[in-house]
Amino acid sequence: MDLPDLLAEALRSDAPPRISQWAEESGYSREHLSRQFHIAYGVAPARYRAEALARRAWRMISEENESFASIAAALGYADQAHMARSIKTNTGRTPREWRSNAVRASVSARGTY
């Protein structure tokens, strides 16, 4: 696995690292790492990390019945509003819309209304 792929894997983890720290531990400069990552993935590492976190939040919202505030806290967002903005930016829908769609899909799959 090459450098950008290793960083991408780390950024998708449960505890994504600071990019500068990961670069230092890997023996590269942050700038070199960012350039290589952008070439490979088309986005900056920080953007990739934010998108990966928003995807994790979206999955939890769609698949679990936890409160939005609990999900935001579990994922390390500053607050529920921060998570909501991130999800809306990355998916085009609010957490409430995703939760409503998931509930409707679940009811429809069971064949009951």
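Helices (H or I, at least four residues) are DSSP runs, numbered from the N terminus. The expected span of a helix is 1.5 Å times one less than its number of residues. This is a predicted model, in which local features need pLDDT of at least 70, side-chain atom pairs count only at pLDDT 80 or more, and totals for chains, interfaces and linings use all residues. Residues are numbered from 1 along each chain as its sequence is written, and side-chain values use heavy atoms, with hydrogens and water left out.

**View 1. Helix 4 and its buried residues.**
The 19 residues of helix 4 should span 27 Å at 1.5 Å a residue, and the end C-alpha atoms are 27 Å apart, which agrees. The helix covers residues 45-63. Its buried residues are P45, Y48, A52, A54, A57, M60 and I61. Buried means under 20% relative accessible area, exposed over 50%, and partly exposed in between (1.4 Å probe, protein chains only).

**View 2. A54 and its contacts.**
Where does A54 sit? A54 belongs to helix 4. A54 counts as buried because its relative accessibility is 1%. Contact means heavy atoms within 4.5 Å. Leaving aside neighbours within four places in sequence, A54 is in contact with Y77, S86, I87 and N90. Two of these partners, S86 and I87, are also among the buried residues of helix 6. From A54 to T89 the C-alpha distance is 8.9 Å, with their positions 35 residues apart in sequence.

**View 3. Salt bridges of helix 4.**
A salt bridge is a side-chain nitrogen of Lys or Arg within 4 Å of a carboxyl oxygen of Asp or Glu. How many salt bridges does this rule give? The count comes to two.
In one, R56 pairs with D14, with the closest N and O atoms 3.1 Å apart. This pair links distant parts of the chain: R56 is in helix 4, while D14 is in the loop between helix 1 (3-11) and helix 2 (19-26), 42 residues apart. R56 is partly exposed, with a relative accessible area of 22%. D14 counts as exposed, at 67% relative accessibility.
R47 and E51 also meet in a salt bridge, at 2.8 Å from N to O. Both residues lie in helix 4, four residues apart, about one turn of the helix. R47 is partly exposed, with a relative accessible area of 38%.

**View 4. R99, buried without a salt bridge.**
R99 is in helix 7 (residues 95-110). R99 is buried but has no salt bridge; E64, the nearest side chain of opposite charge, is 7.1 Å away. Lys and Arg count as positive and Asp and Glu as negative; His and the chain ends are not counted.
What does the R99 side chain reach at 2.8 Å? That partner is the backbone oxygen of E66. A polar atom of the R99 side chain also lies 3.3 Å from the backbone oxygen of E64. A polar contact is a pair of N or O atoms within 3.5 Å; within protein, one must be able to donate a hydrogen and the other to accept it, and residues adjacent in sequence count only if both atoms are side-chain atoms. Not counting residues up to four places away in sequence, R99 touches M60, I61, E64, N65, E66, F68 and I71.

**View 5. E66 in its loop.**
E66 lies in the loop between helix 4 and helix 5 (68-75). E66 counts as partly exposed, at 42% relative accessibility. Beyond four places in sequence, E66 touches I71 and R99. The C-alpha atoms of E66 and T91 are separated by 20 Å, with the two residues 25 apart along the chain.

**View 6. Helix 6, from D79 to G92.**
D79 lies in the loop between helix 5 and helix 6. D79 is partly exposed, with a relative accessible area of 40%. At the start of helix 6, a side-chain oxygen of D79 reaches to within 3.3 Å of the backbone nitrogen of A81. The D79 side chain also reaches the backbone nitrogen of H82, at 2.8 Å.
The twelve residues of helix 6 (residues 80-91) should span 16 Å, and the end C-alpha atoms are 16 Å apart, which agrees. M83, S86 and I87 are the buried residues of helix 6. They cover an arc of only 95° around the axis, so they are on the same side of helix 6. The arc is that of the directions from the helix axis to the C-beta atoms. The face turned away from this buried side carries the exposed residues R85 and T89. G92 follows helix 6, with a positive phi near 85°.

Methods
Helix = DSSP H or I, 4+ residues; strand = E, 2+ residues; numbered from the N terminus.
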